[in-house]
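Colleague: Hi, I'm new to this one. Can you put it up on the screen and walk me through it?

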Amino acid sequence: MTDPHESDVSQDVPGADPAAPAAGSDQDAPAGAPEVDGFEVDGLEAADVEADEEVLPADPAAAVQAELDERTGDLKRLQAEFLNYKRRVDRDRELIAENATYKALTPVIEVLDTVARAREAGEVEGGFKAVVDQLEQAVVKAGLVRFADPGDPFDPTLHEALSNMGPDPEVSVTTVKHVARAGYRIGDRVVRAAQVLVVEPADG
């Protein structure tokens, strides 16, 4: 038996279309709308929904280790570049200091030659000797070193041979016999080669 009140409800709603589908039916969503977990999503394509899903690496620990190795390599390269830069700066600083010493002390060598001749003549004594000693100590402290003595093996990088005095049975290699003028150097840098007379070892 039909309830008389049921038919009255549809008639009481202004503009109601008796032929309209009931709310919640399948005709509410636009045709072709994708479904997500059983629900239709208005205005979205199925491919857009799948693209938003985060793709996790197959092995997260391996990915982290690879990233760590890359950062460690970058740090090692940066440290090596810094050490090379520091070495270059230190080397340049030493070269600048050595050049300054060379420029300042080169003229003093002629004074030292005069002092050496005065010493050989026995003229370095009294108050003059004290001055000479202070001068020689000062140049040594500044890095200027005198070299070449009789009996030293001849070294063409340090000595300039003025004359060969012939064979000498007491030597086994070419040897400095007499120093005509002393040589000077600053560190490994020769400021002036020594002028010497040399002897050769005897044959046989």
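Modeller: Sure, let's start at Gln-195. Not counting residues up to four places away in sequence, Gln-195 touches Glu-160, Leu-162, His-178, Val-179, Ala-180 and Arg-181. Keep in mind that this is a predicted model.

Colleague: Which strand is Gln-195 found in?

Modeller: Gln-195 is found in strand S8, which covers residues 194–201.

Colleague: And is Gln-195 buried or exposed?

Modeller: Buried, with a relative accessible area of 19%. The cut-off for buried is under 20%, so Gln-195 falls on the buried side.

Colleague: Let me zoom out. How many helices and strands does the chain have?

Modeller: The chain has four helices and eight strands. Going from the N terminus, the elements run α-β-β-α-α-α-β-β-β-β-β-β.

Colleague: What share of the residues counts as buried?

Modeller: Of the 204 residues of the chain, 18% count as buried.

Colleague: And what about contacts between residues 24 or more positions apart?

Modeller: Those account for 62% of the contacts in the chain with a separation of 6 or more.

Colleague: OK, cores. Which residues make up the largest nonpolar core?

Modeller: That core has ten residues: Leu-105, Val-108, Ile-109, Leu-112, Val-139, Leu-144, Ala-182, Tyr-184, Ile-186 and Val-191. Helix H3 (60–120) and strand S6 (183–186) each supply at least two residues of this core. The largest share, four residues, comes from H3.

Colleague: Where does this core lie relative to the domains?

Modeller: Domain 1 (61–142) and domain 2 (144–203) both give residues to this core, so it lies between them.

Colleague: Tyr-184 is in that list. What is Tyr-184 in contact with, leaving aside its neighbours within four places in sequence?

Modeller: Quite a list: Ile-109, Leu-112, Asp-113, Leu-144, Val-145, Arg-146, Phe-147, Val-190, Val-191 and Arg-192. Apart from the core we just went through lies another core, of eight residues, among them Val-176, Ala-194, Val-196 and Val-198.

Colleague: You mentioned Arg-192. Where does Arg-192 lie, in which strand?

Modeller: Arg-192 lies in strand S7, residues 189–192. At 11% relative accessibility, Arg-192 counts as buried.

Colleague: What does the side chain of Arg-192 make polar contacts with?

Modeller: A polar contact of 2.6 Å joins the side chains of Arg-192 and Asp-113. A polar atom of the Arg-192 side chain also lies 2.7 Å from the backbone oxygen of Ala-182. The C-alpha atoms of Arg-192 and Ala-182 are separated by 8.3 Å, and the two residues are ten apart along the chain.

Colleague: Next, Arg-185. Where is that one found?

Modeller: Arg-185 is found in strand S6. With a relative accessible area of 30%, Arg-185 is partly exposed. Its C-alpha atom is 6.7 Å from that of Arg-146, and those two residues are 39 residues apart along the chain. Leaving aside neighbours within four places in sequence, Arg-185 is in contact with several residues, including Gly-143, Leu-144 and Leu-158.

Colleague: Switching to loops. What is notable about the phi of Ala-148?

Modeller: Ala-148 has a positive phi of about 95° although it is not a glycine. Ala-148 lies in the loop between strand S3 (144–147) and strand S4 (159–168), and at 3% relative accessibility it counts as buried.

Colleague: And Thr-157, buried or exposed?

Modeller: Thr-157 is exposed, with a relative accessible area of 56%. Thr-157 is also found in the loop between S3 and S4. The side chain of Thr-157 makes a polar contact of 2.7 Å with the side chain of Asp-155.

Colleague: There's another threonine I wanted to ask about, Thr-175. Which strand does Thr-175 lie in?

Modeller: Thr-175 lies in strand S5, residues 175–181, and counts as buried at 9% relative accessibility. The side chain of Thr-175 reaches the backbone oxygen of Val-173 at 2.7 Å. Setting aside neighbours within four places in sequence, its contacts include Gly-151, Phe-154 and Val-198.

Colleague: Last topic, rings. How many aromatic pairs does the structure hold?

Modeller: Zero. There is a charge over a ring, though: Arg-189 lies over the face of Tyr-102, at 4.3 Å from the ring centre.

Technical notes:
Residues are numbered from 1 along each chain as its sequence is written. This is a predicted model: local features need pLDDT of at least 70, side-chain atom pairs count only at pLDDT 80 or more; totals for chains, interfaces and linings use all residues. Side-chain values use heavy atoms; hydrogens and water are left out. Buried means under 20% relative accessible area, exposed over 50%, partly exposed in between (1.4 Å probe, protein chains only). A polar contact is a pair of N or O atoms within 3.5 Å; within protein, one must be able to donate a hydrogen and the other to accept it, and residues adjacent in sequence count only if both atoms are side-chain atoms. Contact means heavy atoms within 4.5 Å. A nonpolar core is a set of buried Ala, Val, Leu, Ile, Met, Phe, Trp, Tyr and Cys residues joined through side-chain atoms within 4.5 Å. Domain bounds come from an automatic or database domain assignment. Rings of Phe, Tyr and Trp (its six-membered ring) pair if their centres lie within 6.5 Å; planes under 30 degrees apart count as stacked, over 60 as edge-to-face and the rest as tilted. A charge sits over a ring if NZ of Lys or CZ of Arg is within 6 Å of the ring centre and within 35 degrees of the ring normal.
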